[in-house]
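Hi,

Here is the structure I said I would pass on. Have a look at it first, and my notes follow underneath.

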Amino acid sequence: DLGQAVSEGRRREFAAMAWQGEVPDPQSPQTRTRAVLDWQHRDQPEHARMFEWYRTLIALRRSEPGVMDAALGSVEVQIVDVDTVVMRRPGLAVVSTRSPRGATVDLPGELLAGWNATADGGTLTLSGAGAAVVRTP
């Protein structure tokens, strides 16, 4: 019964996000198989880049207290445009855009992690769809 309830909840959750196509069934062994990292590919450039991205984000969970802070009252969200959002918490900001054109955001601080991201003089630039984690003053 629990497995069926989880699968139904997942379908509702994905439908609310306008998911296109079949929703991966969390009870299916094939869903798990598709989600497991294939270590044979990690040396290929695109896979190595994604692997390093995840390693960096996991390391930030350990080193930046603001990442693990469960106090939602300290979270502020700024909608920059229809494709770009900035989430701020004390000492950190996360910028994300789905736009292939990228985005530019005034955001002073130290770039801790970035996917298609550069920071220069208080301006964060995402050169395409991507994200960045910034330690803010």
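Let me start with the lining of the largest pocket: by class it has five nonpolar, two polar and three charged residues. For those classes, Ala, Val, Leu, Ile, Met, Phe, Trp, Tyr, Cys and Pro count as nonpolar, Asp, Glu, Lys and Arg as charged, and the others, Gly among them, as polar. The residues in question are L37, D38, H41, R42, H47, M50, F51, Y54, R55 and I58. The volume comes out at about 250 Å³. A pocket here is an open set of points on a 1 Å grid over the protein atoms alone, where a 1.4 Å probe fits, with protein on both sides within 12 Å along at least five of seven lines; lining residues have an atom within 4 Å of a point. Grid points are joined across faces, edges and corners, and the volume is the space filled by probe spheres set on the points.

Some housekeeping before the rest. This is a predicted model, with residues numbered from 1 along each chain as its sequence is written. Local features need pLDDT of at least 70 and side-chain atom pairs count only at pLDDT 80 or more, while totals for chains, interfaces and linings use all residues; side-chain values use heavy atoms, with hydrogens and water left out.

Now the overall picture. The chain has four helices and six strands, and from the N terminus on they run α-α-α-α-β-β-β-β-β-β. Both kinds of element are DSSP runs numbered from the N terminus: helices are H or I with at least four residues, strands are E with at least two. Along its principal axes the C-alpha trace spans about 50 × 40 × 30 Å. Of the 137 residues in the chain, 26% are buried (buried means under 20% relative accessible area, exposed over 50%, partly exposed in between, with a 1.4 Å probe and protein chains only). Among contacts between residues at least 6 apart in sequence, 37% join residues at least 24 apart, where contact means heavy atoms within 4.5 Å.

At the N-terminal end, helix α1 covers residues 2-16, 15 residues in all, and reaches 21 Å from its first C-alpha to its last, close to the 21 Å expected at 1.5 Å a residue. The expected span is 1.5 Å times one less than the number of residues. S7 is in this helix and counts as buried because its relative accessibility is 7%. Leaving out residues up to four places away in sequence, S7 touches D25, P26 and Q27.

The loop between α1 and α2 (29-35) holds A18, which takes a positive phi of about 60° just after α1. With 52% relative accessibility, A18 counts as exposed. V23 is in the loop between α1 and α2 too, but V23 is buried at 18%. Its contacts, leaving aside neighbours within four places in sequence, are R10, R11 and F14.

Over in the strands, what makes up the largest nonpolar core? The answer is 10 residues: V86, A93, V95, V105, L107, A117, L124, L126, A132 and V134. β3 (92-97) and β6 (123-135) each supply at least two of them, and the largest share, four residues, comes from β6. Apart from this core lies another, of eight residues, including L60, L92, L112 and V133. By core I mean a set of buried Ala, Val, Leu, Ile, Met, Phe, Trp, Tyr and Cys residues joined through side-chain atoms within 4.5 Å. V95 is worth a click: beyond its neighbours within four places in sequence, its contacts include V86, V105, L107, L124, L126 and A132.

A few single residues to finish. T104 is in strand β4 (residues 103-106) and touches T123, L124 and T125, not counting residues up to four places away in sequence. N116, in strand β5 (residues 110-120), has a positive phi near 65° although N116 is not a glycine. Most residues other than glycine have a negative phi. N116 is partly exposed at 26%. Finally, L72 is found in the loop between α4 (65-68) and β1 (76-81) and is exposed, with a relative accessible area of 67%. The C-alpha atoms of L72 and R89 are 8.8 Å apart, with their positions 17 residues apart along the chain.

Cheers
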